[in-house]
Amino acid sequence: MYDIERVRANAAYYLSRGNCPRCGGANPVEPGFKRCRPCAIRESEERKRRRKRYAEQGRCPSCGRPRDDDSYKTCSICRANSKAQHEAMKQQRQEK
Ligand SMILES: [Zn+2]
Ligand SMILES: [Zn+2]
């Protein structure tokens, strides 16, 4: 079974040793990063491919759900999420 807590603990363990959790500690992680460079490149390539596929299928590029409003690029859920994130960030800034 996929145990998110264990995966997280594992990742933290690899990171604490300066190793990349994505490839099982095969590569070192540069300070301030959560994965090694090859993994980061692979991930961004995967994301790009996925977004392109979703866009071609007329789905939301960030989550793959069907879009509910054609005048927007993303679905209403992602729009609400990014808006909430935006608000949270704004609030954080104001609190400081
Ligand atoms: Zn890696
Ligand atoms: Zn979405």
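**A walk through a three-helix predicted chain**

Of the 96 residues in this chain, 9% count as buried, where buried describes a residue with 20 or more other C-beta atoms within 10 Å of its own, exposed one with 12 or fewer, and partly exposed one in between, the C-beta atoms being placed from the backbone. What you see is a predicted model, in which local features need a pLDDT of at least 70 and side-chain atom pairs count only at pLDDT 80 or more, while totals for chains, interfaces and linings use all residues. Residues are numbered from 1 along each chain as its sequence is written, and chains are lettered from A and ligands numbered from 1 in the order in which they are written.

Let me begin with confidence. The pLDDT, which is the predictor's confidence in each residue on a scale from 0 to 100, averages 92 over the chain, and 98% of the residues score at least 70. Among the helices, confidence is lowest in α1, at a mean of 92, and highest in α2, at 95.

Now the overall form. The chain has three helices and zero strands, running α-α-α from the N terminus on; helices here are DSSP runs of H or I of at least four residues, and strands are runs of E of at least two, numbered from the N terminus. The radius of gyration is 17 Å, whereas a compact globule of 96 residues would have one near 12 Å; that radius is taken over C-alpha atoms, and the globule rule is 2.2 Å times the number of residues to the power 0.38. Along its principal axes the C-alpha trace spans about 45 × 40 × 30 Å. If we take two residues to be in contact when their C-beta atoms, placed from the backbone, lie within 7 Å, then residues 24 or more positions apart account for 0% of the contacts with a separation of 6 or more.

Let us go helix by helix, bearing in mind that the expected span is 1.5 Å times one less than the number of residues. Helix α1, residues 4-16, has 13 residues that should span 18 Å, and its end C-alpha atoms are indeed 18 Å apart. One of its 13 residues is buried, so α1 lies largely in the open. Just after α1, G18 takes a positive phi of about 80 degrees.

Helix α2, residues 37-56, should span 28 Å with its 20 residues, and its end C-alpha atoms are 29 Å apart, which agrees. How many of its 20 residues are buried? The count is zero, so to speak a helix hardly covered. R42 is found in α2 and counts as partly exposed, with 14 C-beta neighbours inside 10 Å. Its C-alpha atom is separated by 19 Å from that of P31, eleven residues away along the chain. Just after α2, G58 takes a positive phi of about 75 degrees.

In the loop between α2 and α3 we meet P66, which is exposed, with 10 other C-beta atoms within 10 Å. P66 and Y54 are twelve residues apart in sequence and 9.0 Å apart in space, C-alpha to C-alpha.

Finally, helix α3, residues 76-95, reaches 28 Å from its first C-alpha to its last, close to the 28 Å expected, and zero of its 20 residues are buried. Within α3 lies C78, partly exposed with 17 C-beta neighbours inside 10 Å. Leaving aside residues up to four places away in sequence, C78 touches C60, S62 and C63.
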